[in-house]
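Q: I would like to go through the labels attached to this structure and see what each one rests on. Could we begin with the rule itself and then set the values against it?

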Amino acid sequence: MHTPGTWYTTSKPDAAQGLICEEETGRNIAVSYDVRDAHIIAAAPVLLANLEQLVRTVEDFRSGRLVTWPASVLPQARAALEASKP
């Protein structure tokens, strides 16, 4: 389990470390020791949700429960990947 909700990154100017905060409360939930890594850490909840959806879709498709591929699955996964980049 992880801290629910949307996460975002922040840091002080010229900081080497990045902070990852929970959007609703602003509470610091993680520190990246290299500020360049903060975005991918902050994107973790969205990446996880999209990966879980992708796995469910593939399983449904392979089992025959799903006849056509939902148009939204790949664009959502691509958007999650883009959100993980600085």
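A: A salt bridge is a side-chain nitrogen of Lys or Arg within 4 Å of a carboxyl oxygen of Asp or Glu. The model is a predicted one, and by this rule the count comes to 3 salt bridges.

Q: What makes the contact of Glu82 with Lys85 a salt bridge?
A: The closest N and O atoms of Glu82 and Lys85 are 3.0 Å apart, and the rule asks for a nitrogen of Lys or Arg within 4 Å of a carboxyl oxygen, so the pair qualifies. Lys85 has a relative accessible area of 45% and is therefore partly exposed, the class between 20% and 50%.

Q: How do you know that Asp34 and Arg36 form a salt bridge, and which exposure class does Arg36 fall into?
A: The N to O distance between the side chains of Asp34 and Arg36 is 2.5 Å, and because the cut-off is 4 Å, the pair counts as a salt bridge. Arg36 has 64% relative accessibility and counts as exposed, because that class begins over 50%, whereas Asp34, at 24%, counts as partly exposed.

Q: What makes Arg65 and Asp60 a salt bridge, and why is Arg65 called exposed?
A: Their closest N and O atoms are 2.7 Å apart, and the rule requires within 4 Å, so the label applies. Arg65 is called exposed because its relative accessibility is 60% and the class requires over 50%; Asp60, with 27%, is partly exposed.

Q: Why is Phe61 called partly exposed?
A: Phe61 lies in helix α2, which covers residues 44-63. The relative accessibility of Phe61 is 38%, and because buried means under 20% and exposed over 50%, this residue counts as partly exposed.

Q: Which residues form the nonpolar patch on the surface?
A: Val58, Phe61, Trp69 and Leu74 form the patch, with about 320 Å² of accessible area together. Patch members need over 30% relative accessible area, and Phe61 at 38% meets that cut-off.

Q: What makes β1 and β3 edge strands?
A: The open sheet has 3 strands in the order β1-β2-β3, with antiparallel pairing. Both β1 (7-10) and β3 (28-32) pair on one side only. Direction ignored, neighbouring strands of this sheet are turned by 25° against each other on average.

Q: How do you know that β1 and β2 pair?
A: Strand β2 (residues 18-22) and β1 share 4 bridges in the antiparallel sense, and because pairing needs at least two bridges, they count as paired. Trp7 stands opposite Glu22 in β2.

Key
Residues are numbered from 1 along each chain as its sequence is written. This is a predicted model: local features need pLDDT of at least 70, side-chain atom pairs count only at pLDDT 80 or more; totals for chains, interfaces and linings use all residues. Side-chain values use heavy atoms; hydrogens and water are left out. Patches are made of residues with over 30% relative accessible area and no salt bridge: like charges are joined within 9 Å, nonpolar side chains (Val, Leu, Ile, Met, Phe, Trp, Tyr) within 5 Å. Accessible areas come from the Shrake-Rupley method with a 1.4 Å probe; for residues, only the protein chains shown count as cover. Buried means under 20% relative accessible area, exposed over 50%, partly exposed in between (1.4 Å probe, protein chains only). Axes are lines fitted to C-alpha atoms, for helices over the stretch in contact, and angles run from 0 to 180 degrees between N-to-C directions.
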